[in-house]
Amino acid sequence: MRIRWAFGAWWLLLTLAWAAAAQPWTDLSRATDAAFWWQLRRHGVYVSGIWSIGMMSLVMLLALRQRWMDRLLGGMDQVYRLHKWAGIAAAAFAALHWGAEQSGRWVRAAWGMAGRPARDAVFDWATPMRGTAKDLGEWAFYAVLVMVVLAVWERLLPYRPWRFLHRLMPALYLMLVFHAAALMPLAFWQGPLGVLVAVLLAIGSAAALWSLAGRIGRGRNSHVGRIHAVQVLGTQAGTDPLEVLCAMPARWPGHRPGQFVFASFEDLEGPHPFTIASAPEGCGRTPQGEPLLRLVIKPLGDYTRALHERLRPGQPVRIEGPYGCFDAQGDAQKVQVWIAGGVGITPFLALLQARQPGMPAMADAQPAHLHYCTRHASRDPLLPQVEALCATAQPPVSLTVHDAAKGQILTPEHLTPYGRQLDLWVCGPAGLGKVMRQAAQRRRGWHVHQEAFQMR
């Protein structure tokens with residue numbers, strides 16, 4: 001919901017700024033016959049261009065992964081959701097911009113050149129560069145459209161080549177900055193719209209250059225630690241989860257149970273998001289006094305399936321974060337229900353560990369009911385740990401295991417005995433979250449918290 005409000009507010013800001021500067025109702029109300037269609041085309045070109053470059057600027061800013069974004073939007077996963085949808089919107093508005101520009105030939109064929117407005121004045125330096133600016137904008141539009149299709153349709157391109165192609169986006173954005181700066185009318189620059197666009201282009205360009213320099217994720221949120229221990233949790237390496245203990249430097253700020261980090265084991269591969277599977281100080285410290293951080297990594301792709309062969313104690317690891325708000329700090333008036341599917345149990349491992357005897361008391365913690373969905377309970381390497389943690393948790397956490405091998409599939413009906421006012425914390429496959437969100441829409445007292453861990 002917060003993402004929808006942020007997206008809508010941003011689009012509305014761009015629209016109002018354009019409307020105040022262009023005042024299209026004045027031109028359209030005075031125009032007749034052919035002049036009306038030429039004016040409609042003219043305003044369509046400008047408003048779609050403002051929408052597109054405004055959304056692209058937002059994409060560049062969100063790509064910086066700043067901590068204040070995490071707090072403002074309710075988690076870095078939500079920042080990435082807004083980043084993704086702003087990128088899709090930017091491409092859609094760019095397509096509308098291109099279509100409005102190309103519509104001139106249709107207006108000319110239907111109405112002729114009568115009533116066509118004169119070219120709007122632009123900056124003096126830009127006048128002789130109109131053609132170049134248009135060509136660059138068109139080339140960048142085609143490239144951005146392809147990039148967005150590849151980003152949305154994940155099956156077209158594996159993660160690694162997609163990541164390298166995605167790094168070209170800042171360069172394409174800089175081409176669009178030149179296109180916008182050279183072709184936006186001088187009258188727009190002289191009002192509030194010009195100030196807004198100038199600020200957006202400046203911030204977006206700085207973010208694009210920062211990205212091209214490879215500096216994203218290398219600020220105060222970045223910490224270089226080392227791998228302390230690596231262990232396969234099970235008998236099948238490359239299939240069973242991998243436990244990685246990371247020894248963190250003294251400047252590590254600590255984390256809240258349920259948060260996640262971006263971990264980079266190799267510079268060429270880049271960062272991947274992993275949930276922290278331990279409470280603060282839950283794994284103790286090294287003999288050198290370094291706090292230990294536990295990651296439980298499920299082999300889901302080519303890279304994570306080979307991690308057990310690549311990682312060795314003593315190797316450096318870059319940890320960025322912590323991020324996220326999946327901390328089970330919900331409405332005290334509702335019954336708290338935790339729902340985990342597969343590797344989605346990892347944030348609940350941290351939350352359960354934080355409730356163990358001897359751990360610092362969690363503020364506002366309340367009893368909870370954990371429903372753990374697993375493919376095969378008898379072979380699940382994490383289930384014994386979950387059972388042991390639930391048995392000693394305070395405040396108490398009841399455990400219900402849904403074993404798919406026995407046909408035990410979790411449905412919303414399993415939760416109805418808890419009452420009508422439920423606070424649902426869901427982490428697992430996208431389908432599981434979808435089922436719970438749909439159920440919550442039919443039941444007014446249910447509130448769903450779910451991290452959107454699909455960062456692509």
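**View 1. Arg41 and Glu101 meet in a salt bridge between their side chains.** In this predicted model, the N to O distance of the pair is 3.3 Å. Arg41 sits in helix H3, which covers residues 33-62, and Glu101 sits in helix H5, so the bridge ties together parts that lie 60 residues apart in sequence. How do the two partners compare in cover, buried or partly exposed? Arg41 counts as buried because its relative accessibility is 16%, while Glu101, at 30%, counts as partly exposed. A search of the whole structure finds 10 salt bridges, and the next two views show others.

**View 2. Arg226 pairs with Glu290 in a salt bridge.** Here the closest N and O atoms are 2.6 Å apart. Arg226 belongs to strand S1 (residues 222-232), and Glu290 to the loop that runs between strand S4 (272-275) and strand S5 (292-297), so this pair ties together parts 64 residues apart in sequence. With a relative accessible area of 26%, Arg226 is partly exposed.

**View 3. Glu413 and Arg443 form a salt bridge from one loop to another.** The closest N and O atoms of Glu413 and Arg443 are 3.7 Å apart. Glu413 is found in the loop between strand S9 (397-403) and strand S10 (422-427), and Arg443 in the loop between helix H16 (430-442) and S11, so parts 30 residues apart in sequence are tied together. Both partners are partly exposed: Glu413 has 47% relative accessibility, and Arg443 has a relative accessible area of 22%. Elsewhere, Asp27, Arg42 and Asp120 are joined into one network by salt bridges that share partners.

**View 4. Glu451 is a buried residue that has no salt bridge.** You will find Glu451 in the segment after strand S11 (446-450). Which side chain of opposite charge is nearest to Glu451, and how far away is it? That side chain is Arg256, at 8.2 Å; a salt bridge needs a side-chain nitrogen of Lys or Arg within 4 Å of a carboxyl oxygen of Asp or Glu. Leaving aside neighbours within four places in sequence, Glu451 is in contact with Asp77, Gly258, Phe260, Gly324, Cys325, Phe326 and Val426.

**View 5. Gln78 is a buried residue in helix H5.** Helix H5 spans residues 76-102. The relative accessible area of Gln78 is 11%, which is why this residue counts as buried. Which residues does Gln78 touch, once neighbours within four places in sequence are left aside? Its contacts are Ile3, Leu73, Gln450 and Ala452.

**View 6. Cys325 and Cys373 are two cysteines without a disulfide partner.** The count of disulfides comes to zero. For Cys325, the closest cysteine sulfur belongs to Cys427 and is 14 Å away, which is too far for a bond. Cys373 is in no disulfide either, and the nearest cysteine sulfur, again that of Cys427, is 12 Å away. The surroundings of the two can be compared as well: Cys325 counts as partly exposed at 31% relative accessibility, whereas Cys373 is buried, with a relative accessible area of 17%.

**View 7. Trp11, Leu12 and Leu16 make a nonpolar patch on the surface.** The area of this patch is about 270 Å². Trp11 is part of helix H1, which covers residues 2-22. With 30% relative accessibility, Trp11 counts as partly exposed.

**View 8. Thr132 and Ala182 are 50 residues apart along the chain.** The C-alpha atoms of Thr132 and Ala182 are separated by 9.4 Å. Thr132 has its place in helix H7 (residues 130-152), and at 43% relative accessibility it counts as partly exposed.

**View 9. Stepping back, the protein chain holds 16 helices and 11 strands.** Its C-alpha atoms fill a box of roughly 80 × 50 × 35 Å along the principal axes. How much of the chain of 456 residues is made up of buried residues? The share is 49%. Among contacts between residues at least 6 apart in sequence, 75% join residues at least 24 apart. The accessible surface comes to about 22,200 Å², and 60% of that belongs to carbon and sulfur atoms.

Key:
Residues numbered from 1 in each chain as written. Predicted model: local features only at pLDDT ≥ 70, side-chain atom pairs only at ≥ 80, totals over all residues. Heavy atoms only, no water. Patch = residues over 30% accessible without salt bridge, like charges linked within 9 Å, V, L, I, M, F, W, Y side chains within 5 Å. Areas by Shrake-Rupley, 256 points an atom, 1.4 Å probe, with all protein chains shown as cover. Helix = DSSP H or I, 4+ residues; strand = E, 2+ residues; numbered from the N terminus. Buried < 20%, exposed > 50% of the residue type's maximum accessible area, 1.4 Å probe, protein only. Contact = heavy atoms within 4.5 Å. Lys, Arg positive; Asp, Glu negative; His and termini not counted. Disulfide = S-S within 2.5 Å.
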